[in-house]
Amino acid sequence: MSRSRIVIVGAGFAGYQTARTLSRKLRGAAEIVLVNPNDYFLYLPLLPEVSAGLLEARRVSVSLAGTLPRVRLVLGEVHGVDLDGQAISYTDPEGREKRLGYDRLVLTVGSVNKLLPIPGVAEHAVGFRGMPEALYLRDHISRQIALAANAEDPEECRARCTFVVVGAGYTGTEVAAHGKMFTDSLARQHARSAGGLRADARPRWMLIDVADRVLPGLDEKLSRTADRVLRKRGVEIRTGTSVKEATRDGVLLNTGECVPTRSLIWCVGVRPDPLVEQLGLPTEKGRLVVDEYLNVPGHPKVFACGDAAAVPDLTKPGEYTPMTAQHAHRQGRTAANNIMASYGIGTRRPYKHSDLGFVVDLGGLQAAANPFNIPLSGPVANLVTRGYHLAAMPGNRIRVAADWALDAVLRRQAVQLGVLDAWSVPLDTASPETARLRGEQETAGQRG
């Protein structure tokens, strides 16, 4: 085959795996270009441990240049696709507009925070889709406990010690589980200091969902295990409940209860990247429609997979594959193979995969897992969960394992870096992986 250019947009699970597979199999026969806002692949399942001070941010950030040989990394935010001209338009980190042609295009732009028309949520809630949000949340949690320790008003103290997580899915459950352990550790540290935290101001965590159980999309045995562990740890679980309004000082629930808090954490789900809407192509619930070969109908040189693509689930006719890392990872590999088949290398194959089970890290020695539909809980599940994550990570395994080992014997660090504020991590953003910086547009204009 003549050397051509394959452009991959997005370095999430699907994009990273596509680039990795092509790099290994083509070995320079084609130019592989990966366009992404950052120079790392984020291992999203471990992000709750970053927000809880258990793992350092770089542990779950795998270098793209360091792990993807023969792949050219282009830093930029893609905002347009010219399907007729076979080119993408993007903005680089310094605000310069650029254009890049392609012979094959793979859209793996992923997803962003899902919004609901609830008054005050966009202004007062923090999401959980990228590293900036996790780093901000870690600082915010530490700050609230520190401010509570110095609050003279008992009501203010209790409000600052109250954390409300909306969405009891995979992410929300883990955020609440790890968050409760983190704030309990912070409270103990402040209790030993002069003055200290009020004796009646224990950290309070609430996990809210409109569903009738936690982890509503997973097996009921996993749900029961998570529910039991969270309640025993002191997390208040409110099922069949939703937020009616959010303010700076608290949230109003649909039950009529007003919960004073300074911390509203939004984990209600995700929606495809807004770039999908701009393409003008058929979608299914916001996801770009593709066939079983991950091709965009009518555009044989364009592929899509991961959260942004509505991939037919051949194991469940009439349905689409769920937006999970497990599917995205395997779809990336299928997309790479089918791209090579489009050049006459090998035979294209449809995407077909059945879930092998799920793992949910509940902090400490607790977890819930069902590998190959075998239900596990407690330390055994925790061992399986951590083993799975180490095997699935494309790098940093030793560093992650070292952090876990240190956490088992040392007191958790609880310092505020103060790098980001709430303005930097808006809930309503098309780029949760990039922090918004004050004055960045003016600076970019001066540099340009």
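How many Å should the 15 residues of helix 11 span at 1.5 Å a residue, and how far apart are its end C-alpha atoms? The expected span is 21 Å, and the end C-alpha atoms sit 21 Å apart, so the two figures agree. The model behind these values is a predicted one.

Helix 11 has a clear inside and outside. Its buried residues are Gly-378, Ala-381, Asn-382, Thr-385, Arg-386 and His-389. Around the axis they take up an arc of only 130°, which places them on the same side of helix 11. The spacing fits a general rule: an α-helix has 3.6 residues a turn, so residues three or four places apart point the same way. Pro-379, Leu-383 and Ala-391 are exposed, on the face of helix 11 turned away from the buried side. As for what lies over the buried residues of helix 11, the cover includes helix 7, strand 25 (359-361), strand 26 (367-369), strand 27 (376-377) and helix 12.

Helix 12 (residues 397-409) can be read in much the same manner. With 13 residues at 1.5 Å each, helix 12 should span 18 Å; its end C-alpha atoms are 19 Å apart, which agrees. Here the buried residues are Val-400, Asp-403 and Trp-404. Because they cover an arc of only 100° around the axis, they fall on the same side of helix 12. Ile-398, Arg-399 and Val-409 are exposed on the other side. Helix 2 (47-51) and helix 11 (378-392) are among the elements covering the buried residues of helix 12.

After helix 12 comes Leu-417, placed in the loop between helix 12 and helix 13 (440-447). Leu-417 is exposed, and its relative accessible area is 53%, which puts this leucine just on that side of the 50% cut-off. Apart from neighbours within four places in sequence, Leu-417 is in contact with Arg-138 and Asp-139. From Leu-417 to Gly-85, 332 residues away along the chain, the C-alpha separation is 46 Å.

Now to the sheets. One is an open sheet of six strands with mixed pairing, in the order 5-2-1-9-23-22. Strand 5 (71-75) and strand 22 stand at its edges with a single partner strand each, so one side of each has no neighbour in the sheet. Strand 2 (residues 31-36) runs parallel to strand 5 and is joined to it by five bridges. Within that pair, Val-35 stands opposite Val-74 of strand 5. Helix 10 (residues 325-342) packs on this sheet, where it touches strand 1, strand 9 and strand 23 (299-304), and its direction makes about 165° with that of strand 9. Helix 1 (residues 13-26) lies across strand 1 (5-9), strand 2, strand 5 and strand 9 (104-107), running at about 155° to strand 1.

Another open sheet has five strands, ordered 11-18-12-13-14, with parallel pairing. Its edge strands, strand 11 (125-126) and strand 14 (236-239), each pair on one side only. Strand 12 (residues 162-166) and strand 13 (residues 204-209) pair in the parallel sense, with five bridges between them. Val-164 has Met-206 in strand 13 as its bridge partner. Packed on this sheet is helix 7 (residues 170-191), touching strand 12, strand 13 and strand 18 (263-266), with a direction at about 175° to that of strand 13.

Gln-144 belongs to helix 5 (residues 131-149). Its relative accessible area is 4%, so Gln-144 is buried. The side chains of Gln-144 and Arg-160 are joined by a polar contact of 2.9 Å. Leaving out neighbours within four places in sequence, Gln-144 is in contact with Arg-160, Phe-163, Arg-262 and Ser-263.

Two residues stand out for their backbone angles. Most residues other than glycine have a negative phi. Lys-285, in the loop between strand 20 (283-284) and strand 21 (287-289), has a positive phi, near 55°. Leu-294, also not a glycine, has a positive phi of about 70°, and is found in the loop between strand 21 and strand 22 (295-296). Which of them is buried and which exposed? Lys-285 is exposed, at 78% relative accessible area, whereas Leu-294 is buried, at 0%.

Key
Residues numbered from 1 in each chain as written. Predicted model: local features only at pLDDT ≥ 70, side-chain atom pairs only at ≥ 80, totals over all residues. Heavy atoms only, no water. Helix = DSSP H or I, 4+ residues; strand = E, 2+ residues; numbered from the N terminus. Expected span 1.5 Å × (residues − 1). Buried < 20%, exposed > 50% of the residue type's maximum accessible area, 1.4 Å probe, protein only. Arc of directions from axis to C-beta. Contact = heavy atoms within 4.5 Å. Pairing = 2+ DSSP bridges. Axes fitted to C-alpha atoms, helices over the stretch in contact; angles between N-to-C directions. Polar contact = N/O pair within 3.5 Å; in protein donor to acceptor, adjacent residues only side chain to side chain.
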